[in-house]
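Grab a pencil and work through these exercises with the viewer open. Each task comes with a step-by-step solution, so try it yourself before reading on.

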Amino acid sequence: MKPLLEVKNLTMAFGGIKALDGVHLHIAPGQIAALIGPNGAGKTTLFNCLTGIYTPTSGDILLNAPGGKTRRLNGLKINAITALGVARTFQNIRLFGGMTVLENVMIGRHPRSSSGILGAIFRPPATRREERDIVDKSYALLESIGLGDSANELASNLPYGAQRRLEIARALATEPRVLLLDEPAAGMNPQETNELEGLLTRLQAAHELSILLIEHDMKLVMNLAENIFVLDYGEEIARGAPQEIRNNPAVIKAYLGEEDDAEAQ
Amino acid sequence: MKYFPELKKSFVIALWFMLLTFPILVIRVNTIENIVVWRWINLALIGIAAFVLSFLWQLYLKHKTAAAPDAAAHQSALVRRMSDPKFYRPFLLLIGILALVFPFVASHYQINIMTTALIYVMLGLGLNIEVGLAGLLDLGYVAFYAVGAYSYALLNYHFGLGFWTLLPAGALIAAFFGLLVGFPVLRLRGDYLAIVTLAFAEILRLVLENWNAFSFGPSGISNIPRPGFFGIDLTLEQSAVYMYFLLVALCVLTVFVIHRLQHSRIGRAWVALREDELACQAMGVDKTRAKLTAFALGATWAGMAGVLFAAKTTFINPASFTFLESAMILAIVVLGGMGSIVGVIIAALAIILLPEYLRVLGDYRMILFGAALILMMIFRPRGLVTPAGKTYEFRCADPPPAPEEKGRP
């Protein structure tokens, strides 16, 4: 099966430092994959390249739409990539704190709606319908992540775990094919992480999503991901099913260090 | 003792004030008789006044912190009641009737200052798009105002075009200038944007001041015609009334349009852009487009206000478009509460009308005006009206719509 998202030989250099060096990655349609690695391995840099925040120095990021058309994402604007169906959440939560929970999700409908200035002023039936549709779809999404009751609260007043879920709902509102989650379980307690696991499985099935997640919680990663990519110092050191990764000596070395190192100190 | 800390603090503050005011309020040197008059009674009065005021202030603060949760609940209840049609419809009706009756009971002078205030309502609402909604701090808003005013004056002078042709034309030309400024500053944010827009306004003003062949320089353009009324000649008083109604109508139009923009897909994108630029783009909002539309639409209203200003005063010169004007309009937006239409209207009326009505106080009026502004910022630091998030009606269908129903485009 042709992968939905393909990253080929991707290099991202900041001056002389290569944050990413020849990274390969692919996600099949409907697959949950994980990207792991020690701090500073280049995981978030890869996300930033995928979503257009950085333009990669070299290499290709290809999105294969189901129709067979392939789009190269390098150098596209952030919003254009979102419109093509790649949505993300952020490691440090970036909600629109001054807007209500519902409005946060409604912003996500932006690339899937079209009314302009004249539509806003004259509010023809088409715009009214669209606005109705935005509210209804956003509310349905909120219900599906269990935040329906807080729809009219300010996003900044939500508890931490709910804010993380709201970020996911906001990203889902853009109707992505690929969802990139940057440490969705960071700062959550085991109970919340458990719920998150269930939620992601449910959402993945309901929206026919492919998910790529960065996560440090190994239990979550091992339970969810079918395929794991391990980065260290910008290079891919391992890939494979959870079981293979768990026993991979290179991965253990990257995470725990070598015994020689420990003795040398 | 219950209030001992407050009393102690007030005592220190009183001593401090006595020390500060000692040189000017106690010592008076009489140079004719070569004696020094020591007015100790002033010192005592200052001490007592500072002590009492500071004590009351601290009691108030203490009370406020104790009752803070209640106050928040009260606030939201008030906001909810304000947005209830049963409550605000009669209120709007009353304001409407007052606005209609006003020119027939007020003097010519009153009508004129009210018209000026209404021009500032338009300016404030226009700048509110840029600053309040989209979060683009524009310190050169007056430039677009000048563009509108000069568009009317010059196009009328050279081509004899009328007010009604030039009102939309002036708005369009200003919108074009908005785009012109918008393009180079797309990458800038906050302070940097403020400096560039400030510079743009100064450049425009200096060009108008020095390019005599184009703009008639500092001497300005006079004899700008007032707006026509179906070809009927109006007396000065009649045309003031006409101008007033024109502005009331345009202000209503402005409120209508801006209210609709604010609660639309575009308005939401602006607010999101203000809250977090990166996240907003990641949600598929085109930053370039959102910023440019905000600049262009904000400038449109300044342009319209400029045409009206030129038509009202019948004379314009660059001195009317200094930085002070920009600051005044920005003060209106900040005082009113960023992003709040009602707040901006109240603030515009207050800022323009207060100095006029305080004229009876003579030289003290600007001191009182300043004090009023400072007090307002102490008591309502986020502006007169803090905009509350809109509550949407959503369909809770039975059974609730399952996520599976969502299709792809």
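**Exercise 1. How many helices and strands are there in chain B?**

Before counting, some ground rules. This is a predicted model, where local features need pLDDT of at least 70, side-chain atom pairs count only at pLDDT 80 or more, and totals for chains, interfaces and linings use all residues. Residues are numbered from 1 along each chain as its sequence is written, chains are lettered from A and ligands numbered from 1 in the order in which they are written, and side-chain values use heavy atoms, with hydrogens and water left out.

Step 1. Helices (H or I, at least four residues) and strands (E, at least two) are DSSP runs, numbered from the N terminus.

Step 2. Counted that way, chain B has 16 helices and two strands.

Step 3. Do the count for chain A too: there you get 11 helices and 10 strands. The radius of gyration of chain A (taken over C-alpha atoms) is 20 Å, close to the 18 Å from the globule rule for 265 residues, so chain A is as compact as a globular protein of that length. That rule is 2.2 Å times the number of residues to the power 0.38.

**Exercise 2. Set out burial, surface and contacts for the two chains.**

Step 1. Burial first: buried means under 20% relative accessible area, exposed over 50%, and partly exposed in between (1.4 Å probe, protein chains only). In chain A, 55% of the 265 residues count as buried; in chain B, 42% of the 409 residues do.

Step 2. Next, surface, from the Shrake-Rupley method with a 1.4 Å probe. Chain A has about 11,100 Å² of accessible surface, 50% of it belonging to carbon and sulfur atoms. For chain B, the exposed area is about 22,100 Å², with 71% supplied by carbon and sulfur atoms.

Step 3. Last, contacts, meaning heavy atoms within 4.5 Å. Take the contacts in chain A with a separation of 6 or more: 69% are between residues 24 or more positions apart. In chain B, among contacts between residues at least 6 apart in sequence, 74% join residues at least 24 apart.

**Exercise 3. Is helix α1 of chain A largely enclosed or not?**

Step 1. Find residues 43–50 of chain A, which form the helix.

Step 2. Check each residue: K43(A), T45(A), L46(A), F47(A), N48(A), C49(A) and L50(A) are buried.

Step 3. That makes seven of the eight residues, so the helix is largely enclosed by the rest of the structure.

Step 4. Look just past the end: G52(A) follows α1(A) and has a positive phi, near 90°.

**Exercise 4. What is the sign of phi at E208(A) and at N34(B)?**

Step 1. Most residues other than glycine have a negative phi.

Step 2. E208(A) has a positive phi, near 50°. E208(A) sits in the loop between α7 (190–206) and β8 (210–214) of chain A, and is exposed at 57% relative accessible area.

Step 3. N34(B) also has a positive phi, near 55°. Its place is the loop between β1 (27–30) and β2 (35–38) of chain B, where N34(B) is exposed with a relative accessible area of 69%.

**Exercise 5. Describe the surroundings of three side chains in chain B.**

A polar contact here is a pair of N or O atoms within 3.5 Å; within protein, one must be able to donate a hydrogen and the other to accept it, and residues adjacent in sequence count only if both atoms are side-chain atoms.

Step 1. K287(B) belongs to helix α13 (residues 287–313) and is buried, at 18% relative accessible area. Its side chain makes a polar contact of 3.3 Å with the side chain of E277(B). Setting aside neighbours within four places in sequence, K287(B) contacts L186(B), L273(B), E277(B) and Q281(B).

Step 2. N317(B) lies in the loop between α13 and α14 (323–336) and counts as buried at 15% relative accessibility. A polar atom of its side chain is 3.2 Å from the backbone oxygen of P218(B). Beyond four places in sequence, N317(B) touches Y150(B), P218(B), S219(B) and G220(B).

Step 3. W40(B), in helix α2 (residues 40–66), is partly exposed at 47% relative accessibility. Not counting residues up to four places away in sequence, W40(B) touches F22(B) and V26(B). The C-alpha atoms of W40(B) and I27(B) are 8.6 Å apart, with the two positions 13 residues apart in sequence numbering.
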